[in-house]
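Work through the exercises below with the coordinates open. Each task is followed by a stepwise solution.

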Amino acid sequence: MNELLGNRIKALRKTKNLTQEQLADQIGISRQRYARIEKGTNNISLDILSKIAKALDITVNDITKVLDETPVVSHRVGDKSSSSKEIFDMLDLFYANKHLFTKLQDNDLSKGGLGLRAGE
């Protein structure tokens, strides 16, 4: 969540042609603290969020609306059918399980065990 907000704030700051230092000065915090907000490593308070919105001449909602947007996966763009979504969800689950199986198998083999074998 912090990373989404940070990226959104960074994009909005750049549209106003402001540097991190300029915006940090306007809202009364250090440039280092502001940089951590943009990176998403610092939590952002409502007070700071309000000051950023005011300095950028936008509303807090203009910043936080990124949290309401659903992420778009590139291979699913334009695909609105529910059956296709179910297929992609099943494929995602299959590959996640395959990755987990391989990891467990490698871990077991590295410990000198017999290992897990498919179909046994």
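**Exercise 1. Find the polar contact between the side chains of Asn2 and Asn43, then describe the setting of Asn2.**

Solution.
- Start with the pair. The side chains of Asn2 and Asn43 are joined by a polar contact of 2.6 Å.
- Place the residue. Asn2 belongs to helix α1, which spans residues 2–15.
- Check exposure. The relative accessible area of Asn2 is 19%. The cut-off for buried is under 20%, so Asn2 counts as buried.
- List the surroundings. Beyond four places in sequence, Asn2 touches Ile37, Gly40, Asn42, Asn43 and Ile44.

**Exercise 2. Judge how far the model can be trusted, region by region.**

Solution.
- This is a predicted model. Its mean pLDDT is 79, and 73% of the residues reach 70 or more.
- Compare the extremes. Helix α2 (residues 20–27) has the highest confidence, at a mean of 96. Helix α6 (residues 82–110) has the lowest, at 71.
- Look at residues 115–120. Their pLDDT stays under 50. The model has eight contacts for them beyond four places in sequence.

**Exercise 3. Count the salt bridges and state which parts of the chain each one links.**

Solution.
- The count is two.
- Take Glu38 and Arg13. Their side chains meet in a salt bridge, at 2.5 Å from N to O. Glu38 lies in helix α3 (residues 31–39) and Arg13 in helix α1, so this pair ties together parts 25 residues apart in sequence.
- Check exposure here. Glu38 is buried, at 4% relative accessible area. Arg13 is buried too, at 6%.
- Take Lys51 and Asp47. The closest N and O atoms of this salt bridge are 3.5 Å apart. Both residues lie in helix α4 (residues 46–55), four residues apart, or about one turn of the helix.
- Recall the geometry. An α-helix has 3.6 residues a turn, so residues three or four places apart point the same way.
- Check exposure again. Lys51 is partly exposed at 36% relative accessibility. Asp47 is partly exposed at 45%.

**Exercise 4. Which residues does Arg13 contact beyond its neighbours within four places in sequence?**

Solution.
- Locate Arg13 in helix α1.
- Read off its contacts: Leu18, Thr19, Gln20, Leu23, Tyr34, Glu38 and Leu56.
- Pick out Glu38 from that list. Glu38 is also the salt-bridge partner of Arg13.

**Exercise 5. Which residues of α2 are buried, and what covers them?**

Solution.
- The buried residues in α2 are Leu23, Ala24 and Ile27. They cover an arc of only 100 degrees around the axis, which puts them on the same side of α2.
- Identify the cover. It includes α1, α3 and α4.
- Link back to Arg13. Leu23 is among its contacts.
- Step past the end of the helix. Gly28 follows α2, and its phi is positive, near 80 degrees.

**Exercise 6. Summarise the fold and the surface of the protein.**

Solution.
- Count the elements. There are six helices and zero strands. From the N terminus on, the order is α-α-α-α-α-α.
- Assess burial. Of the 120 residues, 21% count as buried.
- Assess sequence range. Take the contacts with a separation of 6 or more: residues 24 or more positions apart account for 48% of them.
- Finish with the surface. The protein exposes about 8800 Å², and carbon and sulfur atoms supply 54% of it.

Terms used. Residues numbered from 1 in each chain as written. Heavy atoms only, no water. pLDDT = per-residue confidence, 0-100. Helix = DSSP H or I, 4+ residues; strand = E, 2+ residues; numbered from the N terminus. Contact = heavy atoms within 4.5 Å. Buried < 20%, exposed > 50% of the residue type's maximum accessible area, 1.4 Å probe, protein only. Polar contact = N/O pair within 3.5 Å; in protein donor to acceptor, adjacent residues only side chain to side chain. Salt bridge = Lys/Arg side-chain N within 4 Å of Asp/Glu carboxyl O. Arc of directions from axis to C-beta. Areas by Shrake-Rupley, 256 points an atom, 1.4 Å probe, with all protein chains shown as cover.
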